[in-house]
Amino acid sequence: MDERREQQPEMSVGELSRRAGVKASTVRFWDEHGLLSSWRTPGNQRRFDDVSLAQVLFIRWSQDVGASLDAIRDVLHKLPAGTAPGREVQVRAARCWREHLDQQRRELHARYRRLSQPLALHGVDTPDAAAT
């Protein structure tokens, strides 16, 4: 058994979901998609520890600011096994998520500007709705 698991109390899916404020089905989904570190008991039940809790909180925070699960998984998989996403990781991730949001903001602003340009400005002749 992993030394980390011997030193920290185990949590069930229900306990982790309760402590993290997410649904048990969300914990299972993230675990099945490789976002959480977990292990199985001899009875095949999932078990989690405080690292898993930190991962769940990091995932929730990242999703709240618009990060995709693929991007979050990439960050988590760069960490050594059994390592929680600490402050340094969170700061680097925040910088990355901020850059992504800035790009989205620029794209939305460009779309917004296009809304003020009628199709006629682009050489498209459209019938006037009042004429029909």
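Colleague: Let's start with one residue: in which helix is Ser 52 found?

Modeller: Ser 52 is found in helix 4. Keep in mind as we go that this is a predicted model.

Colleague: Is Ser 52 buried or exposed?

Modeller: Its relative accessibility is 0%, so Ser 52 counts as buried. Beyond its neighbours within four places in sequence, Ser 52 is in contact with Leu 16, Leu 36 and Ser 37.

Colleague: Before going on with helix 4, could we step back? How many helices and strands does the protein have?

Modeller: There are six helices and two strands. Along the sequence they follow the pattern α-α-α-β-β-α-α-α. Of the 132 residues, 30% are buried.

Colleague: And what share of the contacts between residues at least 6 apart in sequence joins residues at least 24 apart?

Modeller: That share is 58%.

Colleague: Now to packing. How are two packed helices described?

Modeller: Two numbers do the work: the angle between the axes and the distance between them. Here, helix 4 (residues 50-64) and helix 5 (residues 69-77) have axes that come within 10 Å and cross at roughly 140°.

Colleague: Which word fits the orientation of helix 4 and helix 5?

Modeller: Oblique: roughly antiparallel needs an angle over 145 degrees, and the crossing is at roughly 140°, so helix 4 and helix 5 are oblique to each other. The crossing is right-handed. On the helix 4 side, the contact is made by Gln 55, Phe 58, Ile 59, Ser 62 and Gln 63, and on the helix 5 side by Leu 69, Ile 72, Val 75 and Leu 76. By type, these residues divide into six nonpolar, three polar and no charged.

Colleague: What angle do helix 4 and helix 6 make?

Modeller: Helix 4 and helix 6 (residues 87-115) pack at about 20°, and their axes are 11 Å apart. That angle makes helix 4 roughly parallel to helix 6. Helix 4 passes helix 6 in a right-handed crossing. Phe 58, Trp 61 and Ser 62 of helix 4 make the contact with Gln 90, Ala 93, Ala 94 and Trp 97 of helix 6. This set divides into five nonpolar, two polar and no charged.

Colleague: I'd like to follow Trp 61 a little further. What does Trp 61 touch, not counting residues up to four places away in sequence?

Modeller: Trp 61 touches Gln 90, Ala 93, Ala 94 and Trp 97. For a backbone view, take Trp 61 and Ala 94: they are 33 residues apart along the chain, and their C-alpha atoms are separated by 9.7 Å. Trp 61 has a relative accessible area of 33%, so this residue is partly exposed.

Colleague: How many aromatic pairs are there?

Modeller: The count comes to one aromatic pair. The rings of Phe 58 and Trp 61 have centres 5.8 Å apart and planes at 45°, so the pair is tilted. Phe 58 and Trp 61 both lie in helix 4, three residues apart, about one turn of the helix. Phe 58 has a relative accessible area of 4% and is buried, whereas Trp 61 is partly exposed.

Colleague: One last stop, the backbone torsions. What is the phi of Asn 44?

Modeller: Asn 44 has a positive phi of about 70°, although it is not a glycine.

Colleague: Where does Asn 44 lie?

Modeller: Look in the loop between strand 1 (39-40) and strand 2 (46-47); Asn 44 lies there.

Note on methods
Residues are numbered from 1 along each chain as its sequence is written. This is a predicted model: local features need pLDDT of at least 70, side-chain atom pairs count only at pLDDT 80 or more; totals for chains, interfaces and linings use all residues. Side-chain values use heavy atoms; hydrogens and water are left out. Axes are lines fitted to C-alpha atoms, for helices over the stretch in contact, and angles run from 0 to 180 degrees between N-to-C directions. Helices (H or I, at least four residues) and strands (E, at least two) are DSSP runs, numbered from the N terminus. Angles under 35 degrees count as roughly parallel, over 145 as roughly antiparallel, 65 to 115 as roughly perpendicular and the rest as oblique. A crossing is left-handed if the near helix is turned anticlockwise from the far one by less than a right angle, and right-handed if clockwise. Contact means heavy atoms within 4.5 Å. Ala, Val, Leu, Ile, Met, Phe, Trp, Tyr, Cys and Pro count as nonpolar, Asp, Glu, Lys and Arg as charged, and the others, Gly among them, as polar. Buried means under 20% relative accessible area, exposed over 50%, partly exposed in between (1.4 Å probe, protein chains only). Rings of Phe, Tyr and Trp (its six-membered ring) pair if their centres lie within 6.5 Å; planes under 30 degrees apart count as stacked, over 60 as edge-to-face and the rest as tilted.
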